[in-house]
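Please look at how the parts of this protein pack together. Where is space left inside, and how do the helices meet?

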Amino acid sequence: MTSHPEFNEKTTATVVASVFAEQIRNKNGVYFYEVHSSYSTSMIRSMLNTRVVVITGIAPKSLGEAMAVAIAAQSPAKLFLASRTKEKLEKVANKISNELPQATPAVELVALDLASQQSIQQAASQIANSVDAVDVLINNAGVMTLTRENTADGLELQFGTNHIGHFLFTQLLIKQLLRAGSKNDRSARVINVTSEGHRLSPIRFHDYFVEGKDVPDEEQPPPEITAIYGQIKDYNGWLAYGQSKTANSLFSLALNQKLKSRGMISYAVHPGSIWTNLNRSLDEEGNRILAKTGTYWKSEDEGAATMLVAAFDPLLNDLPESGDFYLNDCQFAQPAPWAKDTDAAEKLYTLSEELLGRRFDESVDGYKP
(Lines give C-alpha, C1' and ligand atoms only; values in the text may rest on other atoms or scores of the structure.)
Protein backbone atom coordinates (compact mmCIF):
# COMPACT_ATOMS: atom_id res chain seq x y z
CA MET A 1 0.00 0.00 0.00
CA THR A 2 1.13 3.54 -0.66
CA SER A 3 1.04 6.18 2.07
CA HIS A 4 -1.90 7.95 0.38
CA PRO A 5 -4.57 5.42 -0.63
CA GLU A 6 -6.83 8.33 -1.56
CA PHE A 7 -4.64 9.18 -4.56
CA ASN A 8 -6.25 8.01 -7.81
CA GLU A 9 -6.35 8.51 -11.59
CA LYS A 10 -7.25 12.20 -11.18
CA THR A 11 -4.46 13.05 -8.74
CA THR A 12 -1.88 15.39 -10.27
CA ALA A 13 1.89 15.38 -10.14
CA THR A 14 1.70 18.91 -8.75
CA VAL A 15 -0.25 17.61 -5.73
CA VAL A 16 1.99 14.55 -5.27
CA ALA A 17 5.17 16.63 -5.31
CA SER A 18 3.68 19.05 -2.80
CA VAL A 19 2.65 16.22 -0.46
CA PHE A 20 6.13 14.66 -0.67
CA ALA A 21 7.99 17.97 -0.63
CA GLU A 22 10.18 16.89 2.29
CA GLN A 23 11.36 13.91 0.23
CA ILE A 24 12.35 16.19 -2.67
CA ARG A 25 13.67 19.35 -1.09
CA ASN A 26 17.40 19.95 -0.68
CA LYS A 27 17.22 20.54 3.07
CA ASN A 28 19.89 22.68 4.74
CA GLY A 29 21.95 22.94 1.58
CA VAL A 30 22.35 26.73 1.65
CA TYR A 31 23.25 26.75 5.34
CA PHE A 32 25.83 24.00 4.88
CA TYR A 33 27.46 25.81 1.97
CA GLU A 34 27.65 29.10 3.88
CA VAL A 35 29.26 27.41 6.89
CA HIS A 36 31.59 25.18 4.89
CA SER A 37 32.20 27.30 1.80
CA SER A 38 35.90 26.40 1.88
CA TYR A 39 35.05 22.77 1.05
CA SER A 40 35.24 21.55 -2.53
CA THR A 41 32.04 21.05 -4.50
CA SER A 42 32.50 17.27 -4.52
CA MET A 43 33.02 17.21 -0.73
CA ILE A 44 29.87 19.25 -0.18
CA ARG A 45 27.84 16.97 -2.46
CA SER A 46 29.03 13.84 -0.70
CA MET A 47 28.16 15.14 2.78
CA LEU A 48 24.83 16.77 2.08
CA ASN A 49 21.60 14.84 2.16
CA THR A 50 20.86 16.25 -1.26
CA ARG A 51 18.21 15.17 -3.74
CA VAL A 52 19.46 14.67 -7.28
CA VAL A 53 16.88 13.66 -9.89
CA VAL A 54 17.37 12.59 -13.51
CA ILE A 55 14.44 12.48 -15.96
CA THR A 56 14.56 11.27 -19.55
CA GLY A 57 12.06 12.16 -22.26
CA ILE A 58 11.75 15.89 -21.66
CA ALA A 59 9.63 17.87 -24.13
CA PRO A 60 7.01 20.63 -23.96
CA LYS A 61 3.49 19.43 -23.16
CA SER A 62 4.67 15.97 -22.16
CA LEU A 63 4.83 13.74 -19.11
CA GLY A 64 8.50 14.65 -18.81
CA GLU A 65 7.71 18.35 -18.61
CA ALA A 66 4.91 17.76 -16.07
CA MET A 67 7.27 15.78 -13.84
CA ALA A 68 10.08 18.30 -14.21
CA VAL A 69 7.90 21.27 -13.30
CA ALA A 70 6.28 19.52 -10.32
CA ILE A 71 9.64 18.38 -8.93
CA ALA A 72 11.36 21.71 -9.59
CA ALA A 73 8.69 23.51 -7.58
CA GLN A 74 9.94 21.68 -4.48
CA SER A 75 13.59 22.74 -4.98
CA PRO A 76 15.69 19.58 -5.26
CA ALA A 77 19.45 20.01 -5.16
CA LYS A 78 19.89 19.14 -8.83
CA LEU A 79 17.54 18.30 -11.67
CA PHE A 80 18.93 16.74 -14.85
CA LEU A 81 16.61 17.03 -17.85
CA ALA A 82 17.50 14.68 -20.69
CA SER A 83 16.24 14.67 -24.26
CA ARG A 84 17.63 14.27 -27.75
CA THR A 85 16.36 17.71 -28.82
CA LYS A 86 18.14 20.78 -27.43
CA GLU A 87 15.30 23.12 -28.35
CA LYS A 88 12.76 21.06 -26.40
CA LEU A 89 15.03 20.94 -23.36
CA GLU A 90 15.51 24.69 -23.41
CA LYS A 91 11.76 25.35 -23.64
CA VAL A 92 11.09 23.24 -20.56
CA ALA A 93 14.00 24.80 -18.67
CA ASN A 94 12.71 28.26 -19.55
CA LYS A 95 9.25 27.32 -18.33
CA ILE A 96 10.70 26.26 -14.98
CA SER A 97 12.70 29.47 -14.57
CA ASN A 98 9.81 31.70 -15.71
CA GLU A 99 6.96 30.04 -13.83
CA LEU A 100 8.85 29.02 -10.68
CA PRO A 101 11.07 31.96 -9.73
CA GLN A 102 10.78 30.93 -6.07
CA ALA A 103 12.20 27.47 -6.77
CA THR A 104 15.94 27.05 -6.66
CA PRO A 105 16.93 23.75 -8.27
CA ALA A 106 20.12 23.63 -10.29
CA VAL A 107 18.82 22.50 -13.67
CA GLU A 108 21.26 20.88 -16.07
CA LEU A 109 20.33 19.92 -19.62
CA VAL A 110 21.58 16.63 -21.05
CA ALA A 111 21.58 15.64 -24.73
CA LEU A 112 20.38 12.04 -24.80
CA ASP A 113 19.36 9.98 -27.82
CA LEU A 114 18.33 6.58 -26.48
CA ALA A 115 18.56 5.14 -30.00
CA SER A 116 22.33 5.75 -29.98
CA GLN A 117 24.65 3.96 -27.57
CA GLN A 118 27.31 6.61 -28.16
CA SER A 119 24.88 9.35 -27.12
CA ILE A 120 23.84 7.34 -24.05
CA GLN A 121 27.43 6.97 -22.91
CA GLN A 122 28.12 10.68 -23.39
CA ALA A 123 24.98 11.63 -21.46
CA ALA A 124 25.78 9.30 -18.57
CA SER A 125 29.35 10.59 -18.45
CA GLN A 126 28.09 14.17 -18.23
CA ILE A 127 25.92 13.33 -15.24
CA ALA A 128 28.59 11.21 -13.53
CA ASN A 129 31.11 14.05 -13.91
CA SER A 130 28.65 16.53 -12.44
CA VAL A 131 27.41 14.70 -9.34
CA ASP A 132 28.66 11.91 -7.10
CA ALA A 133 25.23 10.44 -6.42
CA VAL A 134 21.83 10.17 -8.12
CA ASP A 135 18.84 9.65 -5.84
CA VAL A 136 16.10 9.19 -8.43
CA LEU A 137 16.28 8.16 -12.08
CA ILE A 138 13.01 8.32 -14.02
CA ASN A 139 13.28 6.45 -17.31
CA ASN A 140 10.38 8.16 -19.03
CA ALA A 141 11.34 8.51 -22.70
CA GLY A 142 9.79 6.23 -25.29
CA VAL A 143 8.86 5.75 -28.92
CA MET A 144 5.96 4.09 -30.70
CA THR A 145 5.89 3.27 -34.40
CA LEU A 146 3.96 0.88 -36.62
CA THR A 147 6.67 0.62 -39.27
CA ARG A 148 10.03 -1.07 -38.85
CA GLU A 149 12.86 1.27 -37.91
CA ASN A 150 16.26 0.59 -36.37
CA THR A 151 18.45 2.35 -33.84
CA ALA A 152 21.84 3.74 -34.80
CA ASP A 153 23.29 0.43 -33.58
CA GLY A 154 21.01 -1.77 -35.68
CA LEU A 155 18.44 -2.81 -33.06
CA GLU A 156 14.69 -2.76 -33.67
CA LEU A 157 13.76 0.80 -32.68
CA GLN A 158 11.09 0.23 -30.02
CA PHE A 159 12.93 -2.54 -28.15
CA GLY A 160 16.26 -0.79 -28.73
CA THR A 161 15.08 2.60 -27.45
CA ASN A 162 12.40 1.87 -24.86
CA HIS A 163 14.32 -0.95 -23.18
CA ILE A 164 17.94 -1.35 -24.30
CA GLY A 165 18.56 2.41 -24.31
CA HIS A 166 17.29 2.81 -20.76
CA PHE A 167 19.00 -0.42 -19.67
CA LEU A 168 22.38 0.96 -20.76
CA PHE A 169 21.71 4.46 -19.38
CA THR A 170 20.75 3.03 -15.99
CA GLN A 171 23.72 0.69 -15.84
CA LEU A 172 26.12 3.54 -16.60
CA LEU A 173 24.68 5.43 -13.61
CA ILE A 174 24.61 2.47 -11.22
CA LYS A 175 27.60 3.73 -9.22
CA GLN A 176 25.89 7.07 -8.60
CA LEU A 177 22.61 5.36 -7.69
CA LEU A 178 24.23 2.92 -5.28
CA ARG A 179 26.20 5.74 -3.70
CA ALA A 180 22.97 7.65 -3.05
CA GLY A 181 21.38 4.55 -1.54
CA SER A 182 24.32 4.00 0.77
CA LYS A 183 24.66 7.58 2.04
CA ASN A 184 21.00 8.26 2.75
CA ASP A 185 18.44 6.68 5.05
CA ARG A 186 16.32 5.88 2.01
CA SER A 187 16.85 3.81 -1.09
CA ALA A 188 17.83 5.24 -4.42
CA ARG A 189 15.05 4.64 -6.93
CA VAL A 190 14.83 3.79 -10.61
CA ILE A 191 11.40 4.41 -12.09
CA ASN A 192 10.72 2.66 -15.39
CA VAL A 193 7.73 4.09 -17.24
CA THR A 194 5.94 1.14 -18.79
CA SER A 195 2.38 0.95 -20.11
CA GLU A 196 -0.68 -1.25 -20.01
CA GLY A 197 0.42 -1.84 -23.59
CA HIS A 198 2.68 -4.52 -22.10
CA ARG A 199 -0.39 -6.76 -22.17
CA LEU A 200 -0.03 -6.96 -25.95
CA SER A 201 3.00 -9.22 -25.82
CA PRO A 202 5.48 -11.07 -23.62
CA ILE A 203 9.16 -10.92 -24.55
CA ARG A 204 9.71 -12.75 -27.83
CA PHE A 205 13.06 -14.26 -26.89
CA HIS A 206 13.11 -16.25 -30.13
CA ASP A 207 12.11 -13.19 -32.19
CA TYR A 208 12.97 -10.07 -30.17
CA PHE A 209 13.21 -7.89 -33.28
CA VAL A 210 9.68 -9.03 -34.28
CA GLU A 211 10.68 -10.36 -37.67
CA GLY A 212 7.94 -13.01 -37.86
CA LYS A 213 10.06 -15.92 -36.68
CA ASP A 214 8.38 -18.88 -35.01
CA VAL A 215 8.17 -18.57 -31.23
CA PRO A 216 6.99 -21.06 -28.58
CA ASP A 217 3.52 -20.76 -27.09
CA GLU A 218 4.71 -18.88 -23.99
CA GLU A 219 6.10 -16.10 -26.23
CA GLN A 220 2.96 -15.73 -28.31
CA PRO A 221 0.61 -12.77 -27.80
CA PRO A 222 -2.48 -13.50 -25.70
CA PRO A 223 -5.38 -15.15 -27.59
CA GLU A 224 -7.38 -11.94 -27.90
CA ILE A 225 -4.45 -10.27 -29.67
CA THR A 226 -3.78 -13.29 -31.89
CA ALA A 227 -7.45 -13.18 -32.86
CA ILE A 228 -6.89 -9.68 -34.23
CA TYR A 229 -3.54 -10.11 -35.97
CA GLY A 230 -3.42 -13.82 -36.67
CA GLN A 231 -0.08 -15.58 -37.09
CA ILE A 232 2.79 -13.07 -36.98
CA LYS A 233 4.75 -13.44 -40.23
CA ASP A 234 6.20 -9.95 -40.49
CA TYR A 235 6.88 -6.88 -38.38
CA ASN A 236 3.99 -5.80 -36.16
CA GLY A 237 4.52 -2.42 -34.50
CA TRP A 238 1.89 -2.96 -31.82
CA LEU A 239 3.50 -6.20 -30.64
CA ALA A 240 6.96 -4.63 -30.79
CA TYR A 241 5.73 -1.78 -28.61
CA GLY A 242 4.02 -4.17 -26.18
CA GLN A 243 7.17 -6.28 -25.90
CA SER A 244 9.25 -3.17 -25.11
CA LYS A 245 6.83 -2.20 -22.36
CA THR A 246 6.97 -5.70 -20.89
CA ALA A 247 10.74 -5.27 -20.92
CA ASN A 248 10.43 -2.06 -18.86
CA SER A 249 8.55 -3.97 -16.17
CA LEU A 250 10.95 -6.93 -16.19
CA PHE A 251 13.91 -4.56 -15.94
CA SER A 252 12.51 -3.18 -12.66
CA LEU A 253 12.04 -6.72 -11.41
CA ALA A 254 15.63 -7.65 -12.32
CA LEU A 255 17.07 -4.54 -10.66
CA ASN A 256 15.24 -5.40 -7.46
CA GLN A 257 16.51 -8.97 -7.54
CA LYS A 258 20.10 -7.82 -7.99
CA LEU A 259 20.43 -4.54 -6.11
CA LYS A 260 17.65 -4.13 -3.53
CA SER A 261 19.97 -5.36 -0.79
CA ARG A 262 22.45 -2.63 -1.69
CA GLY A 263 20.09 0.31 -1.28
CA MET A 264 18.48 0.64 -4.71
CA ILE A 265 14.96 -0.33 -5.72
CA SER A 266 12.92 0.03 -8.87
CA TYR A 267 9.25 0.47 -9.70
CA ALA A 268 7.50 0.03 -13.04
CA VAL A 269 4.75 2.58 -13.63
CA HIS A 270 1.84 2.86 -16.03
CA PRO A 271 1.01 6.58 -16.35
CA GLY A 272 -2.53 5.98 -17.64
CA SER A 273 -4.26 6.81 -20.89
CA ILE A 274 -2.94 10.14 -22.09
CA TRP A 275 -2.43 11.85 -25.43
CA THR A 276 1.23 12.77 -25.76
CA ASN A 277 3.68 13.08 -28.63
CA LEU A 278 4.36 9.35 -28.20
CA ASN A 279 1.78 8.75 -30.93
CA ARG A 280 3.47 11.13 -33.38
CA SER A 281 4.53 8.23 -35.63
CA LEU A 282 1.07 6.64 -35.82
CA ASP A 283 -1.11 6.93 -38.91
CA GLU A 284 -4.82 7.78 -38.79
CA GLU A 285 -5.82 4.15 -38.28
CA GLY A 286 -3.22 3.75 -35.54
CA ASN A 287 -4.59 6.75 -33.68
CA ARG A 288 -8.14 5.38 -33.99
CA ILE A 289 -6.99 2.12 -32.42
CA LEU A 290 -5.16 3.97 -29.66
CA ALA A 291 -8.24 6.08 -28.90
CA LYS A 292 -10.18 2.92 -28.03
CA THR A 293 -7.69 1.83 -25.36
CA GLY A 294 -8.75 4.27 -22.63
CA THR A 295 -11.94 5.29 -20.84
CA TYR A 296 -10.50 8.24 -18.93
CA TRP A 297 -7.89 10.36 -20.67
CA LYS A 298 -5.56 12.15 -18.30
CA SER A 299 -3.87 15.52 -18.52
CA GLU A 300 -0.07 15.54 -18.52
CA ASP A 301 -0.13 16.59 -14.86
CA GLU A 302 -2.39 13.65 -13.97
CA GLY A 303 -0.36 11.24 -16.10
CA ALA A 304 2.87 12.19 -14.32
CA ALA A 305 1.46 11.66 -10.82
CA THR A 306 2.07 7.91 -10.45
CA MET A 307 5.74 8.27 -11.40
CA LEU A 308 6.21 10.75 -8.56
CA VAL A 309 4.44 8.48 -6.08
CA ALA A 310 6.86 5.72 -7.06
CA ALA A 311 9.82 8.09 -6.85
CA PHE A 312 9.13 9.89 -3.57
CA ASP A 313 6.52 8.18 -1.38
CA PRO A 314 8.49 7.40 1.83
CA LEU A 315 6.38 4.29 2.42
CA LEU A 316 7.83 2.87 -0.80
CA ASN A 317 11.39 3.16 0.47
CA ASP A 318 11.25 -0.62 0.78
CA LEU A 319 9.44 -2.98 -1.55
CA PRO A 320 6.20 -4.34 -0.09
CA GLU A 321 6.45 -7.80 1.43
CA SER A 322 4.18 -8.96 -1.35
CA GLY A 323 6.90 -8.05 -3.83
CA ASP A 324 4.63 -5.65 -5.72
CA PHE A 325 6.55 -3.24 -7.92
CA TYR A 326 4.00 -2.18 -10.58
CA LEU A 327 1.88 0.95 -10.08
CA ASN A 328 -1.12 2.38 -11.92
CA ASP A 329 -3.29 5.38 -10.94
CA CYS A 330 -1.00 6.12 -7.97
CA GLN A 331 -1.51 2.69 -6.37
CA PHE A 332 -0.10 -0.80 -6.69
CA ALA A 333 -1.62 -2.94 -9.42
CA GLN A 334 -0.95 -6.30 -11.07
CA PRO A 335 0.77 -6.51 -14.45
CA ALA A 336 0.31 -9.40 -16.86
CA PRO A 337 1.90 -12.65 -15.61
CA TRP A 338 4.72 -12.43 -18.16
CA ALA A 339 5.67 -8.95 -16.89
CA LYS A 340 6.42 -10.21 -13.38
CA ASP A 341 8.11 -13.51 -14.26
CA THR A 342 11.45 -13.66 -12.40
CA ASP A 343 12.93 -16.16 -14.85
CA ALA A 344 12.00 -13.97 -17.79
CA ALA A 345 13.51 -10.96 -16.00
CA GLU A 346 16.86 -12.72 -15.60
CA LYS A 347 16.75 -14.01 -19.17
CA LEU A 348 16.02 -10.51 -20.50
CA TYR A 349 18.86 -9.06 -18.41
CA THR A 350 21.28 -11.53 -19.97
CA LEU A 351 19.93 -10.88 -23.48
CA SER A 352 20.31 -7.12 -22.95
CA GLU A 353 23.95 -7.55 -21.97
CA GLU A 354 24.54 -9.74 -25.03
CA LEU A 355 22.98 -7.18 -27.37
CA LEU A 356 25.18 -4.48 -25.87
CA GLY A 357 28.28 -6.67 -25.91
CA ARG A 358 28.92 -5.74 -22.28
CA ARG A 359 28.51 -7.51 -18.97
CA PHE A 360 27.54 -5.75 -15.80
CA ASP A 361 29.18 -7.18 -12.70
CA GLU A 362 27.26 -6.02 -9.62
CA SER A 363 30.17 -6.92 -7.35
CA VAL A 364 32.40 -4.19 -8.75
CA ASP A 365 29.80 -1.53 -9.60
CA GLY A 366 30.69 -1.40 -13.25
CA TYR A 367 30.88 -3.00 -16.63
CA LYS A 368 33.42 -5.56 -17.67
CA PRO A 369 33.89 -5.92 -21.44
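The largest cavity has a volume of about 50 Å³. A cavity is a set of points on a 1 Å grid over the protein atoms alone, where a 1.4 Å probe fits but cannot get out. Grid points are joined across faces, edges and corners, and the volume is the space filled by probe spheres set on the points. The model is predicted, so local features need pLDDT of at least 70 and side-chain atom pairs pLDDT 80 or more, while totals for chains, interfaces and linings use all residues. Residues are numbered from 1 along each chain as its sequence is written, and side-chain values use heavy atoms, without hydrogens or water.

Which residues line the largest cavity? They are Gln 23, Arg 51, Asp 135, Val 136, Arg 186, Ser 187, Ala 188, Arg 189, Ala 311, Phe 312 and Asn 317. Lining residues have an atom within 4 Å of a point. Two elements, β5 (188–193) and α14 (305–312), give two or more residues to this lining. Helices (H or I, at least four residues) and strands (E, at least two) are DSSP runs, numbered from the N terminus. By class, the lining has four nonpolar, three polar and four charged residues. Here Ala, Val, Leu, Ile, Met, Phe, Trp, Tyr, Cys and Pro count as nonpolar, Asp, Glu, Lys and Arg as charged, and the others, Gly among them, as polar.

The count comes to two cavities of 30 Å³ or more. The second largest holds about 40 Å³ of space. Its lining includes Leu 114, Ser 116, Thr 151, Asp 153 and Ile 164. Both α7 (117–130) and α8 (157–172) supply at least two residues. Helix α8 gives the most, with three. This lining divides into five nonpolar, five polar and one charged.

Now to the helices. Two packed helices are described by the angle between their axes and the distance between the axes. Axes are lines fitted to C-alpha atoms, for helices over the stretch in contact, and angles run from 0 to 180 degrees between N-to-C directions.

| Helix pair | Angle | Axis distance |
|---|---|---|
| α5 and α6 | roughly 30° | within 10 Å |
| α8 and α11 | about 20° | 7 Å |
| α11 and α15 | about 95° | 8 Å |

Angles under 35 degrees count as roughly parallel, over 145 as roughly antiparallel, 65 to 115 as roughly perpendicular and the rest as oblique.

Take α8 and α11. Their angle of about 20° makes α8 roughly parallel to α11. The crossing is right-handed, meaning that the near helix is turned clockwise from the far one by less than a right angle. Among the residues in contact (heavy atoms within 4.5 Å) are Phe 159 and His 163 of α8 and Tyr 241 and Phe 251 of α11. The classes here are seven nonpolar, nine polar and one charged.

Helix α11 (residues 237–259) also packs with α15 (residues 342–356). These two are roughly perpendicular. Phe 251 of α11 takes part in this contact, as do Leu 250 of α11 and Leu 348 and Tyr 349 of α15. The contact has nine nonpolar, two polar and two charged residues.

The last pair is α5 (residues 63–72) and α6 (residues 86–99). They are roughly parallel, and their crossing is right-handed. Glu 65, Ala 68, Val 69 and Ala 72 of α5 meet Val 92, Lys 95 and Ile 96 of α6. Five of these residues are nonpolar, none polar and two charged.

Key. On a 1 Å grid over the protein atoms alone, a cavity is a set of points where a 1.4 Å probe fits but cannot get out, and a pocket is an open set with protein on both sides within 12 Å along at least five of seven lines; lining residues have an atom within 4 Å of a point.
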